[in-house]
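Biologist: Could you take me through how one reads the packing of two helices, and then how one reads backbone angles that depart from the usual pattern?

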Amino acid sequence: MPELPEVETFVRNFRPGLVGRRIVAFESHWKRNVRPREQVAARAMRGKQIEAVNRRGKLIVLHLSGGKVVLIHLRMSGRLEWGEPGAAEPRHVRAAWRLDSGRRLLLCDARKFGRIWVADDIAAAVGTLGPEPLDPHFTASALAARLAGRRRQIKPLLLDQSVVAGLGNIYTDESLFYARIHPLTRSDRLAPGQVRRLHAAIRRVLRTAIDRHGTTIDWIYPGGRMQRELAVYGRAGEPCRRCGALIVALRVGQRGTHVCPRCQPAAER
DNA sequence: TGAATTGTTATCGT
DNA sequence: AACGATAACAATTC
């Protein structure tokens, strides 16, 4: 569930408590999800200072003194919490970084799908990521270039992190709605104007969602306000805010997908 | 109780 | 062979 806006919100909320702090210890018994294995990762992090905290796609990136990076992917149900001395321990703690401030940074994850890497750089851990959709270099023509030569359905293509980094199910559906593109449309059938609309929609949706601190739609991610403003996601059977037609749920690439049948006419085959 | 949930990867087919 | 579609997987909640 955490997509780019939710990850960005975590980064902004936790950055002040992290930058400049030193990692005293790393504790985890999350064998399957920590790379390299816990003791090796712990040794690489111990004593290092956190010099910067930022985001790349859906990854949280801690830049450590000495040059290594710690990458945290929240996947479906991960979230960051502070472990305060004397406070009750949150549920589902999978990893903890003890800091010289006396606090612990906790990665909590009910479903255990999250991941932690300690690596020399992002590419070494997760391979190639597509451009940041909010970066100035991500222009409409840059998007068009990334779609060129592909003939996949547009929705799975947008979910592919090597095409654009950071979009997940919610914001892909929202972006396609504002661009008035049906999610099954083949990418090579998009007119230049549609690509420009899609580019603008992606940036508009992500910027708005960051401003609202992300989307809270269930118990997993608290604190967001974007759910009030979603146009299609999770609104099956409700009227389209633009035209009044009823929002339809369908399945695209194994994913729950939401469209306005009038605003997003199905691509003819 | 089992259906729903998601990003990634493995696998199958074209 | 490269790409696209699909299945599988992790584990939990309601």
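**Helix packing and backbone angles**

Modeller: The crossing of α1 and α7 is right-handed, and I should say at once that the model in which we see this crossing is predicted.

Biologist: Which values describe such a pair of packed helices, and what are they for α1 and α7?

Modeller: In general, two packed helices are described by the angle between their axes and by the distance between those axes. Here α1, which covers residues 4-18, packs against α7 at an angle of about 40°, and their axes are 9 Å apart. Because angles from 35 up to 65 degrees fall outside both the roughly parallel and the roughly perpendicular ranges, α1 and α7 are oblique to each other.

Biologist: Which residues of α1 and α7 meet?

Modeller: Leu 4, Pro 5, Glu 8, Thr 9 and Arg 12 come from α1, and they meet Leu 206, Ala 209 and Ile 210 of α7. The residues of this contact divide into five nonpolar, one polar and two charged.

Biologist: Where does the backbone depart from the usual pattern?

Modeller: As a general rule, most residues other than glycine have a negative phi, and most peptide bonds are trans. The peptide bond from Arg 35 to Pro 36, however, is cis, with omega near -10°, and Pro 36 sits in the loop between β2 and α2. Lys 112, in the loop between β8 and β9, has a positive phi near 60°, while His 213, in the loop between α7 and β10, has a positive phi of about 65°.

Biologist: Are Lys 112 and His 213 buried, exposed or in between?

Modeller: Lys 112 has a relative accessible area of 44% and is therefore partly exposed, and His 213, at 37%, also counts as partly exposed.

How values were computed
Residues numbered from 1 in each chain as written. Chains lettered and ligands numbered in written order. Predicted model: local features only at pLDDT ≥ 70, side-chain atom pairs only at ≥ 80, totals over all residues. Heavy atoms only, no water. Helix = DSSP H or I, 4+ residues; strand = E, 2+ residues; numbered from the N terminus. Buried < 20%, exposed > 50% of the residue type's maximum accessible area, 1.4 Å probe, protein only. Axes fitted to C-alpha atoms, helices over the stretch in contact; angles between N-to-C directions. Parallel < 35°, antiparallel > 145°, perpendicular 65-115°, else oblique. Left-handed = near helix turned anticlockwise from the far one by under 90°. Contact = heavy atoms within 4.5 Å. Nonpolar A, V, L, I, M, F, W, Y, C, P; charged D, E, K, R; others polar.
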